[in-house]
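Visitor: I'd like to learn how to read some features in a structure. Could we start with how two helices cross?

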Amino acid sequence: MATSDKVGAVMVVGGGISGMQSALDLADSGYKVYLVEKQPSIGGTMAQLDKTFPTNDCAMCIMAPKLVATGRHHNIDLITNAEIAIVDGQAGNFTVTVKQHAFRVDTKKCTGCGSCAQKCPIETTNEYDENTKMRKAIYVRYPQAVPLVYAIDADKCIGCGICAEECKAKAVEYDQKEKVLEVKVGSIILSPGFDEFNPRLKTEYGYGVCKNVVSSIEFERLLSATGPYMGTVLRPSDGDIPEKIAFIQCVGSRDEHCGNEYCSSVCCMYSMKQAVIAKEHGGNIKPSIFFMDMRAFGKEFDEYYNRAQNEYGIKFVRSRVAAVSEDPKTKNLTLKYVEKGEPKEEEFQMVVLAVGLRPPADAENLSRIMKFRLNDDGFAQTTTFTPVETSRPGIFVSGAFSAPKDIPMTVAEASGAAAKAGTEIATVRGTLVTKKEYPKEMSVEGQEPRIGVFVCDCGINIAGVVKVSEVVEYAKTLPNVVYAAENLYTCSQDTQEKIKEKIKEFKLNRVVVASCTPRTHEPLFQNTIREAGLNAYLFEMANIRDQCSWIHMHEPKAATKKSKDLVRMAVAKSRLLEPLQNLEINVNPQALVIGGGVTGMTSALELAKQGFKVHLVEKEKVLGGNTPKLHYLPTGEDPVAFVKELDKEISANKNITVYTGTTAKAIDGYVGNFKTTLASGEQIDHGVVILAIGAQEYKPEGEYLYGKNKNVMTLLEFKEKLSKNEAKGNEYVFIQCVGSREDKHPNCSRVCCTGTMTAALEIKKKDPNAKVFVLYRDIRTYGFREKFYKEASSKGVTFIRFEDKEKPKVEEKNGKLEVTVKDEDTGKDIFLKTDYLVLASGTRPQHDAEALAPMLKVPITKEGFFLEAHMKLRPLDFATEGVYLAGLAHGPKFVDESIAQALGAVSRATTVLSKKTLEAEGIVAEIEEKLCDGCGICVPTCEYKALEVVKDKKDAEKKLVEVNVGLCKGCGACVGTCPSGALTQKGYKDSQIYAMIDAALEYDKPKQEVKQ
Amino acid sequence: MSSEAQPQTTAHATGVKEPDPKILVFCCNWCSYAGADLAGVSRLQMPPYFRTIRVMCSARVDPEFVLRAFQRGADGVLVAGCHPADCHYIGGNYRTRRRIALLKMLIQQFGFDPDRLRLEWVSAGEGEKFQKTIIEFTNTIKELGPSPMARGDE
């Protein structure tokens, strides 16, 4: 397709965490984004979660900044309450018809104040709370919703007209019609997420009949501080605090009877998290988890599992529960199950069903409209080597729509899909995005402050409690206030115009708005004053709604007094505000990729295809890494041929320079401007770094006669032999978790179970009569990999489980290997003679990580893998900007996952490389050089390594601390440590905060000038 | 801790109305300020005697801010930050925790009851915890009565 036909825009379908990540990456890389969401607001499933594993982070806390960033991005158009109707065209140039359902509220006029819902007489159950709580017929899905606009539920509304009367912004439009939009885009990303399995289908568990049997997503709402019981765990039948709670795993997963043979990948971890959090809520809660295999396969998940058992005392019962029955009087529940061959019964007060993940209900419809293939289980079909591509060119996929997966993998794929979507239209990057132009900034230097105060009624949200007119009159009496007024809605479009007029009319050089919270509205007002020629930082807000009128509703006098105080505090700070400039940093649009395995090769090639110069450094003589050593993939795809093809493409690409047999010796600089010296002497200037140094297979240190008997080998060594047809025998024994899940290496290596299935199936393929035994602790073939476990079982591979503490014993007798293992099920010893003993040995980090980490100022885990910026939502980033992470360097993972991360790192990197300059934070630390004596006490307090002791250029004797604004995030943690008062935080200077403190404490002396 | 009603009874008995307590709250932008907002969105009611100053991170709360507040007559100072491990700036809250522990010892030497200074973790999802913290802290301060600074002034 000719460049002229390509469209520099992308449509993202589904506004959960996946869609938001794709949208933000693309919009930050020079593409216009249309984010289509079927609900009235974005956020998806993650918005419903209470906490997230394995860090127990509050889901809304970590997600809210992404929600707000997506909602505000001027190159992201949100099309919510909408669905895809028609898709025409081809990769690079699609025309998509979108049907947007009626909100019955003018979304432009609605300010989200919520007065309508307060008065709406109709209550109905709230889907967001899984129907555990009520909402009104006019509603937002959840309090933090983006966009924050109300919608009328047409099925429930009785048309009484109260909301229209109540709405001072006149936003209610009962007769609003459905809209049909036609949008032109170059690529499409599908991230519609998943649906939960309907637990009613498993009638033996009593869901829907017994009140105290709840689904896991309902339990998530029960745990949440914003849920029906405000975070107290109460059982639905009588509101009592349950003592014993049973969690039943695999409800609708690994179960051919209900049609879902795959494993849902996330339930083991989320149930463990729910049990831990429930226990944290109330010390007497005793959770038990009934499971088949504990699949804690992710980064540091096994440590979480250990803590759940040892620190929280959560009981784990290895059994599939047969049935649940209810005591009609107490509503308690009895579980029937078999443990270690013995039938048992136990009573619980509450049961939580860990429901599996299903393809979304509209999957088939989407597949029909968009013409891409679904797999046998109804998820979007992908391949190992194209993990984020659907079968139709130009349409990409991420998140749980392609397979059940957790949030970090979803976020990585979301970035990966964004990279692929961007590559398709890289030649038209930047053609459809807009950059906002502002008038030239007026200088306020040397001027006496002239402050304008705008006090908001917020309809009746503030004015119904606070005497706003009194606050306005009071504001007029404050020093330097030259204008004060009351507004019905300060955030409405007409008020923005009014603010601009008043700035001109009264020559205002500071603006204070007293209304709602700066967290949501400060950027709006800052934008307004910029449009009037004022620096954005000459703005201050007083939160007299969320933190005053709404929390002191029955104390109008006190609330009015508090509003005055808050305004006085804001004015006091405002008088001392200074214009701040967001410094610009130049960007060198070249990338350094360290590590030439499949991950590094994929990253390098994708960046090169987008037109960036790439330097690919590999310490070995050839590219390829671990992947060719796999020889087989369980899906039948050929890893060796794939790497050869990649290698060919890399040599043919002019944008890539390959450096083999060398390593990085020194890396200096910061985002946009790194300088690297290789051990071989070459110097490279680049703007970003991608760390893809991979990992290695653990070589057992004498365990199970490894190194003593030549027929004892690791999985990779065995596959090598198998591929050369050198493994000739009749009996094979595999031992799992060698060097994983042990004292010094507590975590799971993720890939060995599936790797074992691949080898076992290959043996059976070559010789169906071969005897194959797998000795294991938990089989962790998550997702669709469960199929290979099943296939191995059906082909006669024998699986024997041993207890963690009772490892198998291996002896050599008359040249033959003998294995003794105590079968956990029967408690009896089993003797096996074998020709080959294969050790599924764990994945270990590369030692290079320890050398690279200090050069780039990035952390590593105690095991030696790189530690990302945030385990959940920033899996490929570091706190140090411009440095990214992918593949096994992050932790053990499969080829498809490594490729997804490699592409994800590309997307993260292009958010920097696609810009000529980066804007640094305006609120950063600043050093007053005269006062600094270079003691360096502040240096270790900085988490971002933005402070450094340097020699004073003017005085060779003197030392100084320098702030690197490219790295500073503006937290201000360093400021308090400075013994000489040389450090300060722009926008939050000591003097500014003192002014607020002093103003706050002058309750009864309002007219007195604030002392500086 | 006795009930909220008790100090009021004493005040009535002596015939002098105790002045409203003056409480200063420092909230970090990412967790506790968001938690305070959520309390508002959820319409959770609480005593109106506190005034909040928003900082980017609780670690920005310079010990001198707290001392200044007490010096200017604050009856109580509450510092609220993200839960351990939740800090938006990685580990700022750990510094806050150490600083507040030291400050509590310091203010005691100046004759302030260490309970007049409190550190609390409030996440963006914990509107209810913010409410509970404000109610409890207000009660504590009411029980302790006006700050020694204020009494000295009068």
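Guide: Gladly. A crossing is left-handed if the near helix is turned anticlockwise from the far one by less than a right angle, and right-handed if clockwise. Keep in mind that this is a predicted model.

Visitor: In which sense does α5(A) pass α6(A), left-handed or right-handed?

Guide: The crossing of α5(A) over α6(A) is left-handed. In chain A, α5 covers residues 216-223 and α6 covers residues 267-281; their axes lie 11 Å apart, at an angle of about 30 degrees. Angles under 35 degrees count as roughly parallel, so α5(A) is roughly parallel to α6(A).

Visitor: Which residues make the contact between α5(A) and α6(A)?

Guide: On the α5(A) side they are S216(A), F219(A), E220(A) and L223(A). From α6(A) come Y270(A), K273(A), Q274(A), I277(A), A278(A) and H281(A). Sorted by character, the residues of this contact are five nonpolar, three polar and two charged.

Visitor: Next, burial. Which residues of helix α8 of chain A are buried?

Guide: Buried means under 20% relative accessible area. In α8(A), residues 363-370, that applies to A363(A), L366(A), S367(A), I369(A) and M370(A). Their arc around the axis is only 165 degrees, so they sit on the same side of α8(A). E364(A) and R368(A), on the other side of α8(A), are exposed.

Visitor: What do the buried residues of α8(A) pack against?

Guide: Their partners are four strands of chain A: β1 (9-13), β6 (82-90), β13 (187-190) and β24 (395-397).

Visitor: And what follows α8(A)?

Guide: K371(A) comes after the helix, and its phi is positive, near 60 degrees.

Visitor: Is P940(A) buried or exposed?

Guide: The cut-off for exposed is over 50% relative accessible area. P940(A) has 61% relative accessibility, so it counts as exposed. You can find P940(A) in the loop between β49 (925-927) and β50 (947-951) of chain A. Measuring C-alpha to C-alpha, P940(A) is 49 Å from N131(A) in space, and the two are 809 residues apart in sequence.

Visitor: Let's turn to the other chain. How many helices and strands does chain B have?

Guide: Chain B contains six helices and four strands. Along the sequence they come in the pattern α-β-α-β-α-β-α-β-α-α. Chain B has 154 residues, and 61% of them count as buried. Among its contacts with a separation of 6 or more, 78% join residues 24 or more positions apart.

Methods. Residues numbered from 1 in each chain as written. Chains lettered and ligands numbered in written order. Predicted model: local features only at pLDDT ≥ 70, side-chain atom pairs only at ≥ 80, totals over all residues. Heavy atoms only, no water. Axes fitted to C-alpha atoms, helices over the stretch in contact; angles between N-to-C directions. Helix = DSSP H or I, 4+ residues; strand = E, 2+ residues; numbered from the N terminus. Parallel < 35°, antiparallel > 145°, perpendicular 65-115°, else oblique. Contact = heavy atoms within 4.5 Å. Nonpolar A, V, L, I, M, F, W, Y, C, P; charged D, E, K, R; others polar. Buried < 20%, exposed > 50% of the residue type's maximum accessible area, 1.4 Å probe, protein only. Arc of directions from axis to C-beta.
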